[in-house]
Amino acid sequence: MTGFTTRPEIRGTFGVVTSTHWIASAVGMAVLERGGNAFDAAVATGFVLQVVEPHLNGPAGDLPVIYKTASEAPLVLCAQGVAPALATPERMTAEGIDGLIPGSGLLATVVPGAWDGWLLLLRDHGTMELADVLAPAIGYARDGHPMLAAVHHAIGGLKRFFEAEWPSSAAVWTPGGALPEADRLFRNPDLAATWTRLAASRGDTREDRIDAARDAWRGGFVADAICDYLADAKVMDATGERHSALLSRSDLAAWQAGIEAPVTVDYHGWTVHKTGPWGQGPVLLQALQILKAFDLSAMDPFGEEFTHTVIEAIKLAWADREAYYGDPDFADIPMDVLLSEDYGRARAALVGHGASTETRPGRIAGFEDGADAAIARASRHVDVAEDPATGEPTMAHLTDTRGDTVHLDIIDGWGNVVSATPSGGWLQSNPVVPGLGFALNSRAQMFWLDAGLASTLRPGARPRTTLTPSIATRGDDVLSFGTPGGDQQDQWQLIWFLRFVHHGLDLQQGIDAPLFHSQHFQGSFYPRIAHPGRVMIEETIGAAIIHALRTRGHDVVVAPAHTVGRLTVARRHADGMLQAAATPRLMQAYAIGR
């Protein structure tokens with residue numbers, strides 16, 4: 001298909017970089033130009049994203065990566081930190097937490113993962129020194145970068161709260177008591193100093209120096225600063241109360257990022273590779289298995305039948321997410337059944353002409369309790385307490401103004417591929433650790449406190465996150481794609497991929513096309529609300545399609561044009577041609593290549 005696109009289809013043979021911020025993409029491309037490979041470029045890009053999008057990710061956040069070397073099959077790097085040893089449902093109850101772990105504050109903190117993950121990737125697959133790949137991020141933190149309007153607004157909404165409750169955050173994000181202006185240079189000298197000290201770690205070899213910097217984080221001066229702060233910190237969180245941390249020095253010291261095999265499904269000639277069920281990645285694979293039962297190629301990719309069918313498949317797959325997903329190191333996850341074609345066909349039979357408003361996880365023999373519990377949880381209603389003095393939700397600024405995520409896709413001329421979705425450690429999540437220039441994460445909010453679930457809070461377990469990068473392969477043809485967006489990440493990726501496979505939309509065409517997503521299922525973030533039957537869709541789909549969906553029973557929320565989805569995509573064709581694209585939405589993401 002041909003036609004107008006908001007950005008050119010980036011093509012070349014040397015290398016391509018696409019990410020959710022133009023500066024980060026430019027930094028990644030500069031690393032490739034200096035002779036670095038895709039792994040070097042990914043690490044440099046990832047650290048810059050922590051500086052320029054601090055409301056969406058940070059140094060103490062989380063990191064899943066799917067990567068492929070030029071000669072090997074894709075693998076998953078899991079840098080998702082785990083729950084502290086003291087983190088149990090019983091301890092949360094003792095802390096006055098009833099039902100839901102708060103979406104901010106120290107009780108929601110798990111072991112920081114991003115630093116160790118990026119350094120493991122650099123050590124094992126990169127070629128450059130840590131100091132070299134960190135240099136751009138250090139420079140932007142020390143000398144300044146143009147503040148995004150979104151960051152300005154995020155800080156503005158929290159300024160008074162920072163001053164009253166999180167003074168260490170006020171010192172970093174409102175220096176001198178002033179709200180930083182959008183598009184003006186903003187600096188974080190404490191973060192620059194932290195990274196400069198880490199980058200100076202010593203060792204006999206490149207690998208030794210990287211490992212020394214990993215040690216300095218989990219057992220050296222970074223751990224010292226974190227633990228000294230946590231020793232007497234009590235922090236206001238989304239409950240409206242102040243709580244201390246469960247994270248300890250031994251938690252930091254014991255954890256390291258790791259490598260594991262992806263889970264995969266074959267779909268119309270492509271093999272799609274995703275993280276395991278400690279992330280939500282398998283839901284995209286489940287949706288593909290369901291959709292094999294339908295002739296999507298015969299449907300209009302912007303039409304009523306396609307949109308309805310995909311929405312209903314999403315509802316079914318995401319219901320299984322809520323029923324069965326969790327850390328497979330701590331729970332038995334029936335992944336072989338969930339990803340089987342037989343199961344997909346059985347689930348597809350539930351897709352009817354009208355919109356379902358029910359929560360319908362599959363009933364798998366031996367796992368029925370998980371399905372029953374998911375149905376019961378979806379009907380819960382959570383009230384946010386109101387402040388009698390203001391009439392506003394007491395912690396509205398910490399529940400509605402949550403952080404999000406960033407994404408990057410990079411392919412070099414040798415055929416190395418990296419897809420990464422860093423997140424967590426947002427400026428909204430926790431106070432800045434004094435002297436370090438960054439906040440801890442709030443990822444534990446994705447655990448449940450109910451007993452016996454795959455995603456029940458357990459010491460040492462990974463929270464079931466929404467972070468979900470993707471790689472798809474077809475012989476020597478490779479796609480790398482992903483997006484920020486919480487529960488919407490695999491929905492937007494699914495829609496883009498289906499239109500690419502079935503209707504021939506090229507990378508940028510598919511990104512520019514009208515997007516939609518379901519809000520039917522229970523959300524992954526505090527306060528974990530479900531909206532049965534609700535779907536959000538961009539107005540550019542057309543009034544006739546919106547009317548048709550409502551006629552089928554969908555609760556349609558119409559979004560303005562170009563406001564849904566933040567996809568980036570890169571591709572290596574079998575002949576070595578490279579391609580990249582980035583969303584125009586939010587006017588931040590950019591693809592670069594030659």
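Mentor: Two strands pair if DSSP finds at least two bridges between them. Keep that in mind for this predicted model.

Trainee: In what order do the seven strands of the open sheet run?

Mentor: The sheet is open and its pairing is antiparallel. Its edge strands are β1 (10-12) and β10 (263-267), each paired on one side only. Neighbouring strands are turned by 15 degrees against each other on average, direction ignored. The order is β1-β20-β19-β15-β14-β11-β10.

Trainee: Over how many bridges do β19 and β20 pair?

Mentor: Strand β19 covers residues 568-572 and strand β20 covers residues 578-582. R572 stands opposite L578 in β20. The two strands pair in the antiparallel sense, and the count of bridges is five.

Trainee: Which strands does helix α18 touch?

Mentor: Helix α12 (residues 282-291) also packs on the sheet, touching β10 and β11 (270-274). Helix α18 spans residues 489-503, and its direction makes about 150 degrees with that of β15. The strands touched by α18 are β10, β11, β14, β15 and β19.

Trainee: Why is α4 oblique to α5?

Mentor: Angles over 145 degrees count as roughly antiparallel, and 65 to 115 as roughly perpendicular. Helix α4 (residues 114-125) and helix α5 (residues 130-143) pack with axes 11 Å apart, at about 130 degrees. That angle makes the pair oblique.

Trainee: Which residues make the contact of α4 and α5?

Mentor: The crossing of these helices is right-handed. By class, their contact has six nonpolar, no polar and no charged residues. From α4 come W115, L119 and L122; from α5 come L130, V133 and L134.

Definitions and conventions: Residues are numbered from 1 along each chain as its sequence is written. This is a predicted model: local features need pLDDT of at least 70, side-chain atom pairs count only at pLDDT 80 or more; totals for chains, interfaces and linings use all residues. Side-chain values use heavy atoms; hydrogens and water are left out. Axes are lines fitted to C-alpha atoms, for helices over the stretch in contact, and angles run from 0 to 180 degrees between N-to-C directions. Helices (H or I, at least four residues) and strands (E, at least two) are DSSP runs, numbered from the N terminus. Angles under 35 degrees count as roughly parallel, over 145 as roughly antiparallel, 65 to 115 as roughly perpendicular and the rest as oblique. A crossing is left-handed if the near helix is turned anticlockwise from the far one by less than a right angle, and right-handed if clockwise. Contact means heavy atoms within 4.5 Å. Ala, Val, Leu, Ile, Met, Phe, Trp, Tyr, Cys and Pro count as nonpolar, Asp, Glu, Lys and Arg as charged, and the others, Gly among them, as polar.
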